[in-house]
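Thanks, everyone, for making the time. I would like to walk through one model with you this morning, beginning with the chain as a whole and then turning to its sheets and its cores.

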Amino acid sequence: MHEYSLAHSLLEGLLEHLAAHPAEGRIVKVHVRQGELLTLSQEALREAWRILSEGTPVAGSELVIEKVPVKVRCPNCAYQGKVQYLAEEGWHYTIPVLSCPKCEGRVEVVEGKDLAITALSVEDQEPTPTENPPS
Ligand SMILES: [Zn+2]
């Protein structure tokens, strides 16, 4: 499943980051940026994260997914920024137009295709011990 491999690479990157910069507390939320051009089921991604993160230092953390719009760069006129959208009445979504809004030239997508971690939320208080509950 597409979402599993995405969750897997997010997790790998995060664990690598945490090995070098340990978090000061339990990570409760992992904020993720989802490019508009990347089609995925957020539900499936969260579920994959829950399963894959089990047994890792980020087990039990929740993915917070934020969608970000497409940004492009035009090699022809040096335009950089947002694109125009196709939308018609009755459509449930809009379609980003991947050509330059100024000169209609071909553009390079600089943002909007990927999935990346943008921030981590760490719990303030001491983590509650679960292994040896007080009797
Ligand atoms: Zn242009």
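What follows is a description of the model on the screen, taken part by part.

Please keep in mind throughout that this is a predicted model, and that the values I quote are computed from it. The chain has two helices and eight strands, and, if you read from the N terminus on, the elements run α-β-α-β-β-β-β-β-β-β. The radius of gyration is 19 Å, well over the 14 Å that the globule rule gives for 135 residues, and the chain is therefore more spread out than a compact globule. Along the principal axes, the C-alpha atoms fill a box of roughly 70 × 35 × 25 Å, and 16% of the 135 residues count as buried. As for the contacts, if we take those between residues at least 6 apart in sequence, 76% of them join residues at least 24 apart.

Let me now turn to the sheets, beginning with the one that contains strand 1. Here three strands form an open sheet in the order 2-1-8, with mixed pairing, and the edge strands, each pairing on one side only, are strand 2, residues 62–68, and strand 8, residues 115–122. On average, neighbouring strands of this sheet are turned by 25 degrees against each other, direction ignored. The mixed pairing can be followed strand by strand: strand 1 and strand 2 run parallel and are joined by seven bridges, with Gly35 standing opposite Val68 in strand 2, whereas strand 1 and strand 8 run antiparallel, joined by seven bridges, with Arg33 opposite Ala116 in strand 8.

How are the helices placed around this sheet? Helix 1 lies across strand 1 and strand 8, and runs at about 55 degrees to strand 8, while helix 2 takes part, together with strand 1 and strand 2, in a right-handed β-α-β unit.

That brings me to the largest nonpolar core, which has twelve residues in all, among them Leu6, Leu10, Leu14, Ile27, Val30, Trp49 and Val58. Helix 1, residues 2–20, strand 1, residues 27–35, and helix 2, residues 42–52, each supply at least two residues of this core, and the largest share, four residues, comes from helix 1. Which residues does Val58 contact, leaving aside its neighbours within four places in sequence? Val58 is then in contact with Leu14, Ile27, Val30 and Ser53. Apart from the largest core lies another one, of five residues, including Val70, Val83, Cys100 and Val107.

There is also a further sheet to consider, again an open one of three strands, in the order 4-3-7, and in this case the pairing is antiparallel. Strand 4, residues 80–82, and strand 7, residues 108–111, stand at the edges, each with a single partner strand, so one side of each is left without a neighbour in the sheet. The twist in this sheet averages 35 degrees from one strand to the next. Strand 3, residues 71–73, is joined to strand 4 by three bridges, the two strands running antiparallel, and the bridge partner of Arg73 in strand 4 is Gln80.

That is where I will stop, and I am happy to go back to any part of the model.

Methods:
Residues are numbered from 1 along each chain as its sequence is written. This is a predicted model: local features need pLDDT of at least 70, side-chain atom pairs count only at pLDDT 80 or more; totals for chains, interfaces and linings use all residues. Two strands pair if DSSP finds at least two bridges between them. Axes are lines fitted to C-alpha atoms, for helices over the stretch in contact, and angles run from 0 to 180 degrees between N-to-C directions. A nonpolar core is a set of buried Ala, Val, Leu, Ile, Met, Phe, Trp, Tyr and Cys residues joined through C-beta atoms within 7 Å. A residue is buried if 20 or more other C-beta atoms lie within 10 Å of its own, exposed if 12 or fewer, and partly exposed in between; C-beta atoms are placed from the backbone. Two residues are in contact if their C-beta atoms, placed from the backbone, lie within 7 Å. The radius of gyration is taken over C-alpha atoms; the globule rule is 2.2 Å times the number of residues to the power 0.38. A crossover is right-handed if, with the strands pointing away from the viewer, the path from the first strand over the helix to the second runs clockwise.
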